[in-house]
Amino acid sequence: LTVTTLGAFRDGIRRVNQAPLLVAGMVLVTLLIALPLSIALRGMLEAHLGASAAGEIAADRTNYEWWEEFTAQATGLGTTFTPSIIGFAAVMQNITGLVDNQPLAATIAGATVAWLVIWLFLSGGVLDRYARQRPTRTHGFFSACGVHFWRFLRLAVMAWFIYLALFGPIYAWIFDWGYPRVTRDLTAERSAFAVRTGAYVVFSALLASFALLLDFARIRIVVEDRRSAVGSLLAGVRFVARNRRRVLGLFLLNAIAYLLLIAAYGALSPGAPRTDMHMWLVLALGQAYIVGRHYLKLLVYASETSLFQGALAHATYTAAPTLVWPESPAVETITNAEPTAAR
Amino acid sequence: MGRVFARSAAAIALLAIAAGGAGPGAFGLVQGRGSTAAKSRDVAQPAAATSDPAPRPRIANYSIDARLDPESRNITGTEVLTWRNASTHAISTLRFHLYYNGWRNTNSTWMRERRLAGDDTATRHRESDWSWIDLERVTVTRNGAEIDLTSRVQFIAPDDGNADDRTVAELPLEQAVNPDESVSIRIAWSSRVPRTFARTGAVGNYFFIAQWFPKIGVLEDTGWNCHQFHAATEFFSDFGVYDVRLTVPTGWIVGATGVARRTTPGNDGTTTHHFVQEDVHDFAWTTSPDYLELTETFRHPTLPAVNMRLLLQPEHRGQERRHFEATRAALKYYGEWFGPYPYGHITIVDPAWQSGAGGMEYPTLFTAGSHWLAPRDVAEPERVTIHEAGHQFWYGLVANNEFEDAWLDEGLNTFATARALAQVFDPNSTVKRYFGGFVPWVFHDLPLSRDTELRALTLYREAAKRDAQSKPTFQYWPGTASAITYHKTVLWLHTLERMLGWETLQRILSTYFARWSFRHPKPEDFFAVANEISGQDLTWFFDQVYRSSNVFDYGIDVFRSEPINVAGDTGGAGSRAFSRPSNTGPPYRTTVVVRRYGEAIFPVDVRVTLENNEQIRWRWDGLDRWTRFEVERPVRARRADVDPDRVLLLDVNTTNNSAVIESAGPRAARKWSLVWLIWLQDHLLTYGFFI
């Protein structure tokens, strides 16, 4: 069992490594979403600094006084320019923002939704590529994106309601109702921290469980050419239920990989840049970390696809493993056209 | 004077006897739970007792017996107040503070003001969270006869007329009290300790009990100064002697204002702790079975020794050194700068988590505040410990009216805190806490200096125009009262230091301290000392910073350094010679236009720095809305500054205080936008969890 889980993880690595362009493409997508906002912020900072000598300090080290002055007058995007963007604090801020259900600035929320929709679109092609384990080329990739997008979107609408419940009443129940009651008479901070950690574990487990169901629903949509969002979600539930130990094991392996990555970034992160040379070093390290995160994100897709295909293999997959012979798109098309393929 | 002074005389005798005894000078630890006293015993006394024999105004003297029932959180108490009319007029009514009624219900003035400031949490409190204090019997003793005045007690609301507020009680007397005459009032009361509001109350088995007994107001020549309890202010009362016996469950550690004289076990599982303190104006106490009790002694070549007693939360074990060192720093630097701490003992209370009792001062006792995870390079708990220990000087000894002029002690003390902190803990770094506020992350890139300590300018900037400081503090807008009280004062004291120099400011503060210890100064008293010691009439300054809510903002509007070109007719009389502006070399004319964007006025320097590092300075009175300076030199200027030495720390916009010919702004903006880019990318990937 362990071997199978580990095998899926290893196979996932292999599949991601086989398609480095996917990693590069997804990094590029994220960059293209983030870069315009970064340029907009740069304009705000530049305008605020103007010809001031405060710019010299801000350029060579951290000018906290100017920073606070900027923040005091900032609106929109500018309000997110806080010390929490520096180095590893950025990671802390983003995770705590998610698990503490902190509201997002409107601009950032907009960018996040746009990024999620684009990833939703692209994930059909990504899963298809990993399932087929061979180059699908641009046309094949985007065809798969187009075919699966509307199915994924229907699934996402369902997921939206579930997440709404998770981050609405369930979050409120755990953190706004339960946590204060459990800790009401505690006088030791460490005890309260233990309770809060427990609450995070419970809430994260709920989130992760549902995310896993969605992952396998999407995989079944792609691999089995399912059209029904409800049906695929139920199929995802069935798969996870029947293979819960393997799914959980794979989830833990992916989670460990993520924790190792952020731990490495935490250890290496040099904080705020000082000189120009240092700035490029910080940027390079930061981007290496971002590439790593993309890699791990895709590894989740690939390893879960591998696990599914390894655990539930049959001949009529739309996105089947590599055809041995004759490996031709025509044969694949004929195979996919069989009426049973839609099951 | 009666019974109170009989008791305090006994206490003084005990103190005198004990003064020669061995104090707990060495580092010691007593576990709280289970330390049951088998029999009545005297408590070891501090090595250094009150050393200043100068007569002090003992106006309100209390002898209190109180019993706490931790289960119900009820306190039943009896106090005998011996009060002297120190005014110049006879008075026929007495007024008492009943602070616990501020949290009786949502109609109190305190709660209404909190709601006004946007705090709507009051409605979420449970029935057991509310507090009250009821006067059960009030009698006055005259010529040996005890007269019951209970039925005469009425609630009044001198500040806002709120008929639902019960925080001030008025007691019409049967006979007026003449100037310098004393009266003895016996009050029996019952109260319930709240779930902590405003740093007093209980959580679990931790009790911090302050503002808990019926406390008489301050009678001034103009009448009673006895304000209702307000959300944005603290307290005011007369000096006197406190002789207090507190009964709590046996095994519970008690910390209180003053010195523990005796512990007496009862027959019902309780122990009575007897505390005495002279020449203070309040009494607070705390009890819990969980405290770790540690002691050390502060010693100094020229200052009196002080026994420090630390009541530490068990989870903060390992932080005792930090608490003691911070208290030492306060006693040392405040002592050297302002004057000695005279009491010989001080109790540091490390409050329980979520008790809300941290960071508060009471005579000879204060609450600090720390976290379970307290990084070494962040001045926490040092900052709050120095600040609250410092309040022993500014509040405890120089006892201004915190209802009306809270800035006077809070501002002076916050300024001194930053200065003392800088001596022992500079630089310290900014910290932010994540994951529900539990996990700290230290920003070593953001060191805090004396200027940026407490983010004073940032917090003041947000609140600058809300109130003039001269308005009575209890009438400040509740949401921004602390910014005006603390941060504005810190900024203008820093400014004053830079105007006059530290030596002069230190002499101002030490003179003010010497003259007004054990008294109730008003702002004008401080200003008078400042004028006298500085040898200047600083009224203009105090008009700007104290009597006005105007903001300071000077900035460089135009900064040019260009070759001198002349276009047009350059001929002499009767001749015409037209030239074109073609000169690209020296000499250069540098023009600086400085503007006063704010309403407040302050004389400032203007400085131009040339490319050869030559500096040219002008002095501007800062009165006009703008002014221009020009200079011609063979080299170009590279930088212009208004207020280049940062004298005026109240300037709300410092970015516009300088201008350079070649701006580094684009480079800085690029750098920081790229740092932000990484944050945004990570944010997107974190939310990518959903896909």
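The legends below describe close-up views of a predicted model with chains A and B.

**Figure 1. Chain A, a chain of helices without strands.**
Chain A has 12 helices and 0 strands, so that reading along the sequence gives the pattern α-α-α-α-α-α-α-α-α-α-α-α. Its C-alpha trace spans about 70 × 50 × 35 Å along the principal axes, and buried residues make up 51% of the 343 residues of chain A. Among the contacts in chain A with a separation of 6 or more, 76% are accounted for by residues 24 or more positions apart. The accessible surface of chain A comes to about 15,100 Å², and carbon and sulfur atoms hold 70% of that area. Chain A carries 28 positive and 20 negative charges, and the mean positions of these two sets are 14 Å apart.

**Figure 2. Chain B, in which helices and strands both occur.**
Chain B contains 11 helices and 36 strands, and its C-alpha atoms fill a box of roughly 110 × 65 × 55 Å, taken along the principal axes. Of the 691 residues in chain B, 61% are buried, while residues 24 or more positions apart account for 73% of the contacts with a separation of 6 or more. Chain B exposes about 25,200 Å², with 49% of this area supplied by carbon and sulfur atoms. The 73 positive and 81 negative charges of chain B have mean positions that are 3 Å apart.

**Figure 3. An edge-to-face aromatic pair formed by Tyr99(B) and Phe229(B).**
The structure holds 83 aromatic pairs over all chains. In the one formed by Tyr99(B) and Phe229(B), the ring centres are 4.9 Å apart and the planes stand at 80 degrees to each other, an edge-to-face arrangement. This pair links distant parts of the chain, 130 residues apart, with Tyr99(B) in the loop between β5 (91-97) and α2 (109-116) and Phe229(B) in the loop between β15 (223-225) and β16 (240-249). Tyr99(B) has a relative accessible area of 1% and is therefore buried, and Phe229(B), with a relative accessible area of 2%, is buried as well.

**Figure 4. A tilted aromatic pair formed by Trp492(B) and Phe526(B).**
The ring centres of Trp492(B) and Phe526(B) are 6.4 Å apart and their planes lie at 50 degrees, so the pair is tilted. Because Trp492(B) lies in helix α7 (residues 481-500) and Phe526(B) in helix α9 (residues 523-534), the pair ties together parts of chain B that are 34 residues apart in sequence. Trp492(B) counts as buried, at 0% relative accessibility, and Phe526(B) likewise counts as buried, at 0% relative accessibility.

**Figure 5. Arg419(B) over the rings of two tryptophans, Trp337(B) and Trp502(B).**
The charged end of Arg419(B) sits over the ring of Trp337(B), at 5.4 Å from its centre. Arg419(B) also lies over the face of Trp502(B), where the distance to the ring centre is 3.6 Å.

**Figure 6. Helix α4 of chain B and the cis peptide bond between Glu380(B) and Pro381(B).**
Helix α4 (residues 382-390) is largely enclosed by the rest of the structure, because 7 of its 9 residues are buried. The buried residues are Glu382(B), Thr385(B), Ile386(B), His387(B), Glu388(B), Ala389(B) and Gly390(B), and what covers them includes α3 (320-337), β24 (360-362), β25 (365-367), α5 (406-424) and α7 of chain B. Glu380(B) and Pro381(B) are joined by a cis peptide bond with an omega of about 25 degrees, and Pro381(B) is found in the loop between β25 and α4.

**Figure 7. Surroundings of Thr247(B) in strand β16.**
Thr247(B), a residue of strand β16 of chain B, counts as buried at 8% relative accessibility. Leaving aside neighbours within four places in sequence, Thr247(B) is in contact with Ala66(B), Arg67(B), Leu68(B), Thr270(B), Thr271(B) and Thr272(B).

**Figure 8. Positive phi values at Gln211(B) and Asp279(B).**
Gln211(B), a residue other than glycine, has a positive phi near 50 degrees; it is placed in the loop between β12 (206-209) and β13 (215-216) of chain B and counts as buried at 2% relative accessibility. Asp279(B), also a residue other than glycine, has a positive phi near 60 degrees. Asp279(B) lies in strand β19 (residues 270-280) of chain B and is buried, with a relative accessible area of 4%.

How values were computed
Residues are numbered from 1 along each chain as its sequence is written. Chains are lettered from A and ligands numbered from 1 in the order in which they are written. This is a predicted model: local features need pLDDT of at least 70, side-chain atom pairs count only at pLDDT 80 or more; totals for chains, interfaces and linings use all residues. Side-chain values use heavy atoms; hydrogens and water are left out. Helices (H or I, at least four residues) and strands (E, at least two) are DSSP runs, numbered from the N terminus. Buried means under 20% relative accessible area, exposed over 50%, partly exposed in between (1.4 Å probe, protein chains only). Contact means heavy atoms within 4.5 Å. Accessible areas come from the Shrake-Rupley method with a 1.4 Å probe; for residues, only the protein chains shown count as cover. Lys and Arg count as positive and Asp and Glu as negative; His and the chain ends are not counted. The place of a charge is taken as NZ of Lys, CZ of Arg, CG of Asp or CD of Glu. Rings of Phe, Tyr and Trp (its six-membered ring) pair if their centres lie within 6.5 Å; planes under 30 degrees apart count as stacked, over 60 as edge-to-face and the rest as tilted. A charge sits over a ring if NZ of Lys or CZ of Arg is within 6 Å of the ring centre and within 35 degrees of the ring normal.
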